[in-house]
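Colleague: I am new to this structure. Could you walk me through a few of its features?

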Amino acid sequence: MTFSLKKNKYVKYTTIILSTAVLFALVSYLSLYITEFKNDSIWTFLGSSDNRFHMMRIEGLYYSLLRHQYFPFINMSFLDGFGYISSIFYSDFLIYPVAIMRVMGYTASQAIIRYYLLLNFLTFVVSFLCYYKIQKKYWNSLVFSFIYTLSNYRLHDLLFRHDLGEVGAFLFLPIAVLGIYEIFYGNRKNWLYLTFGMTAIIYSHAISPILTAILIIAVGLLQIGELKEHPKRLLSLLWATISSGFLSIAYFLPMIEQMKHTTFVLTESKGILPAGALNFSDAFTYSLNNVITDPSIGLIMLLTSIIVLISYKKIQNRAVKHFAIIGVVMFICSSKVFPWFILNTTMLKSIQYPWRFYMISTILLAVFVAYDPLKFINTRALKIVFISFTFLLTLSSIYRLASSSQSYVPYATYNQPSPYSIGAGHEYLPINTDFDKLQTASHKPKIITGKANISNFKQYGTRLSFDFKNAKNTKVNLPIIGYYGFQSKQSVGKVSKLTMDKSHNNLAQVTINGKGKVVVDYFETTIQKFARRTSFLSLLIIIASLIVKQLDLKLIKSFKKENI
């Protein structure tokens, strides 16, 4: 009898898991069908856009993998081989799956639409599991996963902007928020959720960690009384911060090293926070109309914000109350209502567009909706109706996006690379680099001063070489940007160290004499080696400690059983 009950329970759970997975897969596909699969075309903008930038990042990683360079620092597909140091400032972590699809033989369009499908499915799964970890209610978790994954701002990122970095941050944000909840409201010993969530966000998108850090500060301020009463929660936050810091050293140290040796457009650019903020009336209207052609939190989240403002005193759960209030405040303050000019000269200028806070507002308000503290959808039937309504709203928004303009690009056209789509701000170019001149520059070595006979020029990724003779103090510029890390140490003959020629568009330069062969390649620096190994070792230590902890728990349980 006992065996039969266990078997029936196993069958029930298996059926629920499989049916939920099928539901997530089906909705993931349907939400992409109109813009990514229909008519063998992708709805997107070509030219200098987020889409083209991220596709070139993928192409660069793809070709690096073909060359057996598994962790490249310079993306040589950009700028027709002049190279762009995007991989240091914008981690490739998130694009490895789609680059591997390219290695497997998929075209760029085939790979990206399959990757979008995977991201949708994983976001459904991760958000569902993270919410279920707290409340242990299937239907509430399902509501959360739907309104989060199909939220307007996420779809704006995915289908309109094609911002792979921020879409990736959406995947890991529920893990980070789960960690924030555990540290400040729940079991503080579960701080590793914040460690892994925050680290994954850091490696996905450079700006989203700043938004998450602001969320942590906001929650901490609201929980100041709890922190005074239980200061060990701060200790857990400290452990999470230190652990995430060690795991992220492989990202931060190489970036800091480059910024120490080179002044980039990134650091010298002016802030655009006041200009980038929306008028509140526009933010309200976009959300009310539930559009994804403009940044918005969508109709459901807008109505939720209004409900929170009216009835926040009735919310009993402290965490839900705090999350809801922060979500509404961030939505309001992301507009021109907030004096963004105050922060326009600080490090927060890197946020660029205050509406990026919609990502945080979305997940916090989604928690409120799923928890349902006011009992609006307190039955299974109402939750099913609500989920269906959410999905129909999504289809409506996507249809209106697809009908808004003629931006369908055939797969064959989409597959064509755009090597000069390096982002509108050209952030990772050295300061004073003339982008227009790079586009017209000849891709071969050029003698700047002196004379020499140059022949047999070759380039294979980051490796360049040419033969020379009859040279006398001849300065030669190579057709690559002279980023720190490029070296000429494998050259034969009298060849100087490689430098950046700031008077000639920041190209790499060597001085040659006599006869020999110039060989230039990018070599991993000492700091890059240290950073990568430190982060990897930190990951191994954390994994090992988790395994040991699980073994200890099993031994303790076994010991208790033996002594009963």
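Modeller: We will take cysteines, one helix pair and one glutamine in turn, bearing in mind that this is a predicted model.

Colleague: How many disulfides does the structure hold?

Modeller: A disulfide is a covalent bond between the sulfur atoms of two cysteines. To count here, a pair of cysteine sulfur atoms must lie within 2.5 Å. The number of disulfides in the structure is zero.

Colleague: Is cysteine 130 buried or exposed?

Modeller: Buried means under 20% relative accessible area. Cysteine 130 has 11% relative accessibility, so it counts as buried.

Colleague: And what does cysteine 333 count as?

Modeller: The range between 20% and 50% is called partly exposed. Cysteine 333 has 26% relative accessibility, so it counts as partly exposed.

Colleague: At what angle do helix H7 and helix H20 pack?

Modeller: H7 covers residues 152-161, and H20 covers residues 380-404. Their crossing is right-handed. Their axes lie 12 Å apart, and the packing angle is about 35 degrees.

Colleague: How many residues of the contact of H7 with H20 are nonpolar?

Modeller: H7 brings Asn152, Leu155, Leu159 and Phe160. They meet Thr394, Ser397, Ile398 and Leu401 in H20. No residue of this contact is charged, three are polar, and the nonpolar ones number five.

Colleague: Is glutamine 528 buried or exposed?

Modeller: Glutamine 528 sits in helix H23, residues 526-562. Beyond neighbours within four places in sequence, its contacts include Phe73, Ile88, Pro254 and Tyr522. At 1% relative accessibility, under the 20% cut-off, glutamine 528 counts as buried.

Note on methods:
Residues are numbered from 1 along each chain as its sequence is written. This is a predicted model: local features need pLDDT of at least 70, side-chain atom pairs count only at pLDDT 80 or more; totals for chains, interfaces and linings use all residues. Side-chain values use heavy atoms; hydrogens and water are left out. Buried means under 20% relative accessible area, exposed over 50%, partly exposed in between (1.4 Å probe, protein chains only). Axes are lines fitted to C-alpha atoms, for helices over the stretch in contact, and angles run from 0 to 180 degrees between N-to-C directions. Helices (H or I, at least four residues) and strands (E, at least two) are DSSP runs, numbered from the N terminus. A crossing is left-handed if the near helix is turned anticlockwise from the far one by less than a right angle, and right-handed if clockwise. Contact means heavy atoms within 4.5 Å. Ala, Val, Leu, Ile, Met, Phe, Trp, Tyr, Cys and Pro count as nonpolar, Asp, Glu, Lys and Arg as charged, and the others, Gly among them, as polar.
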